[in-house]
Amino acid sequence: MGIRRWTGPACLSALLLAASGLPRASAQLLGPEFQVNSYTTSYQSFPAVGGDGLGNFVVVWMSNDQDGSETGLFGQRFNSLGAPVGSEFQVNSYTTGNQQRSAVAADGSGNFVVVWDSAGQDGSGDGVFGQRYDSAGSPVGNEFQVNSYTTSWQSSPALATDSVGNFVVVWDSSDQDGSSLGVFGQRYDSAGGPLGNEFQVNSYTTGNQQRSAVAADGSGNFVVVWNSGYQDGSWDGVFGQRFDALGNPVGSEFQVNSYTTNGQGNSTVAADFLGNFVVVWNSPQDGSSYGVFGQRFDSAGGRVGSEFQINTYTTDAQVGPVVAADVSGNFVVAWESSGQDGSNRGVFGQRFHSAGSKVGSEFQVSSYTTSYQYFSAIAADNLGGFVVAWTSDNQDGSNTGVFGQQLAQSVFSDGFEAAEVCAWSLAVGSGDVC
């Protein structure tokens with residue numbers, strides 16, 4: 001999540017809006033869905049998206065054969081109006097074999113980092129690599145290796161940034177914790193320098209701990225969640241660990257899901273500026289195949305309310321959830337739903353207030369419905385706007401392509417949220433007067 005530094009007049013306007021008693025805006029799609037990729041030969045798929053505090057965003061995806069050797073990673077920047085900024089660009093410098101499974105995150109000023117898997121580049125199976133960019137989209141330094149331990153493979157990275165651009169990367173590592181897959185991480189400062197050594201995230205090591213996700217608050221505290229095999233007594237469960245801004249574990253590893261029958265997986269997490277966070281995942285719990293469920297936590301790691309169901313439509317499967325939160329903790333969950341749009345799978349979403357209540361009804365994100373729209377990603381700005389990207393079959397004229405849609409949401413529903421953002425502006429030392 002990026003952090004926007006508000007000016008005094010902006011804060012004043014926010015307070016006036018809150019005081020007016022105007023209702024929060026309902027979910028709306030900002031204009032038509034748009035094509036992200038310019039190169040359309042073969043497959044472009046598996047997008048990741050990162051947004052800054054002003055609503056500008058970048059989408060990164062995997063493209064087949066475009067870099068001259070199997071799969072590579074490409075990106076496109078967009079301004080807050082959804083217009084492309086510059087041309088599509090290649091992310092990976094090393095092109096031998098496959099570079100895939102990317103993640104991207106931006107700080108409040110629009111600087112961003114991309115991380116990904118690279119086959120054979122570290123000398124042993126897959127490794128995790130990254131590239132930093134400034135707010136103008138220019139590479140900062142060279143491509144860098146994230147993982148220090150290289151035996152077997154390290155893959156499926158996720159990352160998060162704090163308000164000033166420090167970032168943390170987490171990934172799955174084979175056999176490093178002594179038992180199949182484990183979750184490991186590495187912290188970096190805003191200049192790209194490693195902070196400390198690679199560290200182990202999971203305490204429970206039996207079987208597989210994998211498919212990790214991470215979210216950071218404005219001060220650099222972060223939380224990691226992952227799937228753990230049989231730890232909750234029944235197939236996969238969702239577990240997490242909180243860390244302070246120095247990378248020290250805060251408390252013990254904790255179980256996220258309360259319902260444990262069969263498997264709960266595909267977990268992801270989003271945090272607001274103050275460190276409150278929400279975890280979402282899949283569970284065969286809604287009476288018809290898989291549904292999407294969530295749990296909110298406060299900044300001290302305490303549960304806020306009970307586990308809750310996110311999807312309203314329950315026929316067949318609703319899977320692959322993603323979540324993003326704005327500065328005040330309002331959040332949007334998006335997922336792919338089977339048959340709901342009349343054709344295989346489509347992308348749907350639900351907005352939530354920071355207090356956990358649903359805002360409006362479940363809504364359709366993808367407008368093009370032929371065949372499959374799936375593998376979605378989401379990012380938020382600090383005005384309450386969100387952008388979703390996904391893979392779409394045959395929409396760009398050649399196998400799969402990457403498409404996106406901007407969503408709008410009014411941040412301010414009461415004086416508390418407006419005052420909170422103003423207090424945040426002063427807390428980060430912007431010098432603004434609210």
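Two strands are taken to pair when DSSP finds at least two bridges between them. In this predicted model, strand 24 (residues 331-338) and strand 25 (residues 345-352) clear that bar with 8 bridges, running in the antiparallel sense. One spot to look at in this pair is Ala334, whose bridge partner in strand 25 is Gly349.

Strands 24 and 25 belong to an open sheet of 4 strands, ordered 23-24-25-26 and paired antiparallel. At its edges stand strand 23 and strand 26 (358-364); each has a single partner strand, so one side of each is left without a neighbour in the sheet. Direction ignored, neighbouring strands of this sheet are turned by 15 degrees against each other on average. As a rule, side chains in a regular strand alternate between the two faces of the sheet.

Stepping back to the whole chain, there are 2 helices to set beside 29 strands. The chain runs to 434 residues, and 58% of them count as buried. As for contacts between residues at least 6 apart in sequence, 51% join residues that are at least 24 apart.

Further along the sequence comes strand 27 (residues 373-380). Here 7 of the 8 residues are buried, so the strand is largely enclosed by the rest of the structure. Strand 27 also pairs with strand 28 (residues 386-393), again in the antiparallel sense, this time over 6 bridges. Ala380 has Phe386 of strand 28 as its bridge partner. The two strands make a hairpin with 5 residues between them, and in that hairpin Gly384 takes a positive phi near 90 degrees.

Strand 27 turns up again at the largest pocket, which holds about 1,500 Å³ of space. Its lining draws two or more residues from each of strand 3 (44-51), strand 7, strand 11 (154-161), strand 15 (209-216), strand 19 (265-271), strand 23 (318-325) and strand 27. In total, 49 residues line this pocket, and those nearest its centre are Ser102, Thr268, Val322, Ser376 and Ala377. Sorted by class, the lining comes out as 32 nonpolar, 13 polar and 4 charged residues.

Strand 7, one of the elements contributing to that lining, spans residues 99-106 and includes Gln100. What makes Gln100 count as buried? Its relative accessibility is 17%, and the cut-off for buried is under 20%, so Gln100 falls on the buried side. Leaving aside residues up to four places away in sequence, Gln100 touches Met62, Thr71, Leu73, Trp116 and Asp117.

Two loop residues round off the picture with their backbone angles. Asp175 sits in the loop between strand 12 (167-174) and strand 13 (181-188). Though not a glycine, Asp175 has a positive phi of about 70 degrees. With 45% relative accessibility, Asp175 counts as partly exposed. Trp235 lies in the loop linking strand 16 (222-229) and strand 17 (236-243). Phi is positive for Trp235 too, near 55 degrees, again in a residue other than glycine. Trp235 likewise counts as partly exposed, at 45% relative accessibility.

Note on methods:
Residues numbered from 1 in each chain as written. Predicted model: local features only at pLDDT ≥ 70, side-chain atom pairs only at ≥ 80, totals over all residues. Heavy atoms only, no water. Buried < 20%, exposed > 50% of the residue type's maximum accessible area, 1.4 Å probe, protein only. Contact = heavy atoms within 4.5 Å. 1 Å grid on protein atoms, 1.4 Å probe; cavity = no way out; pocket = protein on both sides within 12 Å on 5 of 7 lines; lining within 4 Å. Points joined across faces, edges and corners; volume = space filled by probe spheres on them. Nonpolar A, V, L, I, M, F, W, Y, C, P; charged D, E, K, R; others polar. Axes fitted to C-alpha atoms, helices over the stretch in contact; angles between N-to-C directions.
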